[in-house]
Amino acid sequence: MNAIKLKTDGERFKQLVEKHEGQMKALLPFEEEKEKAHEASCQALREVMRAMEEYSAEAERSLPELERIADEAEASCTQVYRRSRDLLDETVNTYIEIVVELIHDNIDTLDGMNINGKDVFLAINWALPEDIFVGTNMSKKDPVLYVKGSELSSDLCIELQPGNIKTHIMCCNKDGHFVDKSRFLADYENGVYQFESK
């Protein structure tokens with residue numbers, strides 16, 4: 001088996017990789033903030049539960065204040081998660097755009113190849129940044145190429161699960177399990193290369 005060498009010097013590909021690196025750096029503070037806010041919320045809830053289980057006059061007096069603290073901690077946690085949502089969505093889209101751009105830049109090489117073939121699978125994954133990779137469902141009849149990625153963010157990993165149809169790229173889902181050049185290029189020009197939930 002001859003190794004397939006894919007080009008990674010396309011200008012847009014390089015720009016997307018740089019954008020991705022910036023997004024990952026920006027996600028780090030949110031991850032730390034979310035972890036702290038989540039722990040504070042859990043701790044405040046544990047204090048409320050402890051007070052409810054004590055059945056003492058002191059616990060009963062402190063319960064309203066503990067519940068107020070728990071409510072504030074939960075609201076703070078929710079706000080942190082909401083603030084990170086837009087960046088998370090944009091980062092997921094960049095993951096997908098990087099894979100699409102790589103395929104676009106190498107469509108002449110990949111045209112007609114078996115997307116489930118080991119040589120194609122390895123070539124695509126070797127050419128991507130180390131925290132981005134693709135997988136397939138290995139179906140011969142109805143193959144799916146989906147984007148997966150980084151362990152940096154638990155939310156990002158959840159977004160990039162194979163079950164999320166919005167991360168599936170359509171280039172290999174027509175006429176069996178082969179990359180279809182004309183179809184992919186048409187989708188690319190129209191900016192339509194993902195499955196969308198109906």
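A helix here is a DSSP run of H or I spanning at least four residues, and helices are numbered from the N terminus. With that in hand, Phe121 sits in helix H4, residues 118-127. Please keep in mind that this is a predicted model. The points below take you through two helix pairs, the faces of H6, and three residues worth a look in your viewer.

**How H1 and H2 pack**

- Two packed helices are described by the angle between their axes and the distance between those axes.
- For H1 and H2, the axes approach within 7 Å and cross at roughly 160 degrees.
- H1 is therefore roughly antiparallel to H2, since the cut-off for that label is an angle over 145 degrees.
- The crossing of H1 past H2 is left-handed.
- Sorted by class, the residues in this contact are 28 nonpolar, eight polar and 13 charged.

**Val48, a residue of H1**

- Val48 belongs to helix H1, which covers residues 11-54.
- Its relative accessible area is 7%, so Val48 is buried, the limit being under 20%.
- Setting aside neighbours within four places in sequence, Val48 touches Leu63, Leu66, Glu67 and Ala70.
- Val48 and Lys34 are 14 residues apart along the chain, and 21 Å separates their C-alpha atoms.

**How H2 and H6 pack**

- H2 runs over residues 57-105 and H6 over residues 181-189; their axes are 11 Å apart and make an angle of about 130 degrees.
- That angle makes the two helices oblique to each other, because it falls in none of the ranges for roughly parallel, perpendicular or antiparallel.
- H2 goes past H6 in a left-handed crossing.
- On the H2 side, the contact is formed by Val100, Glu101, Ile103 and His104, while H6 supplies Phe184, Leu185 and Tyr188.
- These residues split into five nonpolar, one polar and one charged.

**Glu101, a charged residue in that contact**

- Is Glu101 of H2 buried or exposed? Glu101 is buried, because its relative accessible area is 4% and the cut-off is under 20%.
- Apart from residues up to four places away in sequence, Glu101 touches Arg12, Phe13, Leu16 and Tyr188.
- Tyr188 thus appears in two lists, since it is in contact with Glu101 and is also among the buried residues of H6.

**The two sides of H6**

- Which residues of H6 are buried? They are Arg183, Phe184, Asp187 and Tyr188.
- Viewed down the axis of H6, these buried residues fall within an arc of 135 degrees, so they line one face of the helix.
- The spacing fits a general rule: an α-helix has 3.6 residues a turn, so residues three or four places apart point the same way.
- Ser182 and Glu189, on the other side of H6, are exposed.
- The cover over the buried residues of H6 includes H1, H2 and helix H3 (107-110).
- Just after H6 comes Gly191, which takes a positive phi of about 70 degrees.

**Phe121, a residue of H4**

- Phe121 has 32% relative accessibility and so counts as partly exposed, a class that lies between the 20% limit for buried and the 50% limit for exposed.
- Beyond its neighbours within four places in sequence, Phe121 is in contact with Val134 and Gly135.
- Phe121 and Phe133 lie 12 residues apart along the chain, with 9.5 Å between their C-alpha atoms.

Notes
Residues are numbered from 1 along each chain as its sequence is written. This is a predicted model: local features need pLDDT of at least 70, side-chain atom pairs count only at pLDDT 80 or more; totals for chains, interfaces and linings use all residues. Side-chain values use heavy atoms; hydrogens and water are left out. Axes are lines fitted to C-alpha atoms, for helices over the stretch in contact, and angles run from 0 to 180 degrees between N-to-C directions. Angles under 35 degrees count as roughly parallel, over 145 as roughly antiparallel, 65 to 115 as roughly perpendicular and the rest as oblique. A crossing is left-handed if the near helix is turned anticlockwise from the far one by less than a right angle, and right-handed if clockwise. Contact means heavy atoms within 4.5 Å. Ala, Val, Leu, Ile, Met, Phe, Trp, Tyr, Cys and Pro count as nonpolar, Asp, Glu, Lys and Arg as charged, and the others, Gly among them, as polar. Buried means under 20% relative accessible area, exposed over 50%, partly exposed in between (1.4 Å probe, protein chains only). The arc is that of the directions from the helix axis to the C-beta atoms.
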